[in-house]
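Could you walk me through a few stops in this structure? I have it open in my viewer and would like to know what to select next and what is there.

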Amino acid sequence: MGMHAIALLFTLLTNHAAQEVALQPGAAHRYELQLRRGESADVVVQQKGIDVVVELRAPGGALLDEVDGPTGRNGDERAEIIANEGGTYTIAVRPYDEHEPAGRYRIEIAEVRSVAATRALLETRRAARDRATDWLRAYAAPLSNPAAPLAALAARARVIGLGEATHGSREFGDVRLALTRRLIEEHRVRVVAVEWSSSHLAALAPYVAGESAAPAVGESGWIGRRAMRELVAMLRAWNVAHAADRVRLVGVDAQDNAVARAELRAFLGTAYADLLPRWNEAEKELAAADEQSSVFGDSSVKAEVRQTLFELVARLSLDAAVLHARYGASADRALTAARTLATFADYNSGAAGSRSRDWSMADGVLRALAEAGPNARAVYWAHNAHVRTTGKTSGAFLRAALGCGYAAIGQTFGEGSFVAQLPNDLEDRLLVSTLPRAADESIESVLAPLGNDAVIAAWPCGVDAASLPEWLRAAHPLHWVGALWTPGSVPSAATRPFDLVHDFDGVVYIPRVTADEVPTDRPHVPARKH
């Protein structure tokens with residue numbers, strides 16, 4: 001991007017020294033700060049019409065951190081330097097990317113602390129973290145014996161969200177499998193809803209139910225494939241042994257919808273031949289968008305295709321009674337397929353009034369819960385970013401619908417490896433990356449002292465913030481790695497701020513995780529041509 005094509009050098013020598021300057025596209029400004037070993041400094045960059053990234057480098061040039069908070073083009077970016085060695089530290093300020101306009105920012109060294117003051121600050125922070133750990137300890141148990149925390153959640157929750165901090169660490173899948181088994185056996189959970197293709201799992205349903213000898217579809221995707229394979233085997237074994245008390249496996253994601261497209265196409269050819277020309281044009285757009293969603297590319301859908309799908313859903317819904325009488329279950333499957341594809345088109349269109357993917361996944365969980373009956377219970381597998389109970393997440397929508405009848409369990413780790421797709425890679429390669437031990441002021445740092453091995457904790461719903469230790473009243477970094485990751489990124493790039501006690505109702509902490517399997521059968525998906 002040529003972000004360092006223009007470089008300006010300033011030296012900040014004193015506390016509260018400040019500069020306000022203009023920053024042009026493609027430019028990067030560098031500043032120097034002298035610190036002795038054991039000192040520390042707070043840096044504040046006030047953005048004025050431009051979104052910037054603040055880079056911190058050690059005296060030898062090693063990248064310590066990149067700071068880019070969720071403030072957009074206005075507001076403060078705050079960075080802290082703890083000098084583990086004496087020398088000249090470099091602070092670089094650059095635009096977030098090549099699309100940023102020209103703007104201004106003000107940079108200030110808000111405070112430089114002596115060695116003694118820095119030591120006192122770190123001790124104060126440690127004591128605050130210790131009080132947070134003590135509060136959590138009252139609700140914690142070894143993961144090897146999760147009965148008490150799990151029972152506390154199951155006693156009130158109709159739906160329990162089981163999160164994960166990465167999509168590609170083996171232990172998260174293993175924990176989900178173990179907790180789901182206990183919830184089925186001990187707490188009568190009879191629906192397992194997964195951030196997975198709804199049409200793919202619908203086609204797999206007869207096999208999972210024990211009604212067919214072989215699965216109708218093969219494996220798909222790479223995220224959680226190994227855990228999904230084991231989940232299917234576990235649920236099938238249960239259903240074969242408990243034919244009158246089956247557990248249903250449901251996908252709540254409208255992506256990976258080739259099965260839905262084929263079902264709708266076949267039914268329209270039988271019952272609505274006059275609609276096929278319009279459908280054929282829409283299907284091309286849907287297929288191209290769905291292929292890109294598998295590699296996190298351009299999955300946009302035109303507004304007119306969204307409208308076509310909405311009209312098809314309306315037509316099939318209005319004619320449902322006659323269609324069912326004439327065509328039986330194939331008509332019902334066609335309506336379900338049309339709804340799936342309309343949902344996919346909706347959240348990928350960006351049209352006015354469109355719903356988000358998180359909204360649609362929450363709707364899928366609630367729909368499966370309703371179909372299972374008034375006393376049914378479900379677990380919901382998705383990333384921590386989806387199961388959390390705040391923001392515009394599926395977990396937040398479930399909390400709004402069910403109140404404390406929805407509970408979210410996040411999962412995180414101290415250090416370890418994961419699989420993720422390399423961004424902007426022509427081959428969409430999957431690579432294994434490793435992160436070091438979580439930072440001192442992270443949520444993981446207050447979870448680690450709870451036990452020598454993996455732990456689970458679950459606390460009451462709606463804890464009053466005033467009753468919490470001060471450290472737990474604020475948001476702190478928690479591991480958050482999506483499906484894309486650039487190897488060599490600074491560790492802080494793998495975190496997001498979370499309010500642990502209010503974003504979740506419980507948490508699983510694993511000291512060390514390992515990378516899950518890396519599928520080798522992914523098809524190459526070239527960039528989309530419109």
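Start by selecting glutamate 164 and showing what surrounds it in this predicted model. Beyond its neighbours within four places in sequence, glutamate 164 is in contact with Phe172, Arg176, Ala382, His383, Asn384 and Gln411. Colour the backbone by secondary structure and you will find glutamate 164 in the loop that runs between strand E11 (159-162) and helix H3 (170-187).

Is glutamate 164 buried or exposed? Its relative accessibility is 7%, so glutamate 164 counts as buried, the cut-off being under 20%.

Now display side chains and follow the polar contacts. One joins the side chain of glutamate 164 to that of histidine 167, at 2.8 Å. Another links the side chains of glutamate 164 and arginine 176, at 3.2 Å. Arginine 176 is thus also one of the residues you have just seen in the contact list of glutamate 164.

For the next two stops, turn to backbone angles. Most residues other than glycine have a negative phi. Select aspartate 256: it is not a glycine, yet its phi is positive, about 55°. You will find aspartate 256 in the loop between strand E13 (248-253) and helix H6 (258-271). With a relative accessible area of 31%, aspartate 256 is partly exposed.

Finish at phenylalanine 296, another residue other than glycine with a positive phi, here near 60°. This time the loop lies between two helices, H7 (276-293) and H8 (303-318). Switch on the surface there: phenylalanine 296 has 37% relative accessibility and counts as partly exposed.

Methods. Residues numbered from 1 in each chain as written. Predicted model: local features only at pLDDT ≥ 70, side-chain atom pairs only at ≥ 80, totals over all residues. Heavy atoms only, no water. Helix = DSSP H or I, 4+ residues; strand = E, 2+ residues; numbered from the N terminus. Buried < 20%, exposed > 50% of the residue type's maximum accessible area, 1.4 Å probe, protein only. Polar contact = N/O pair within 3.5 Å; in protein donor to acceptor, adjacent residues only side chain to side chain. Contact = heavy atoms within 4.5 Å.
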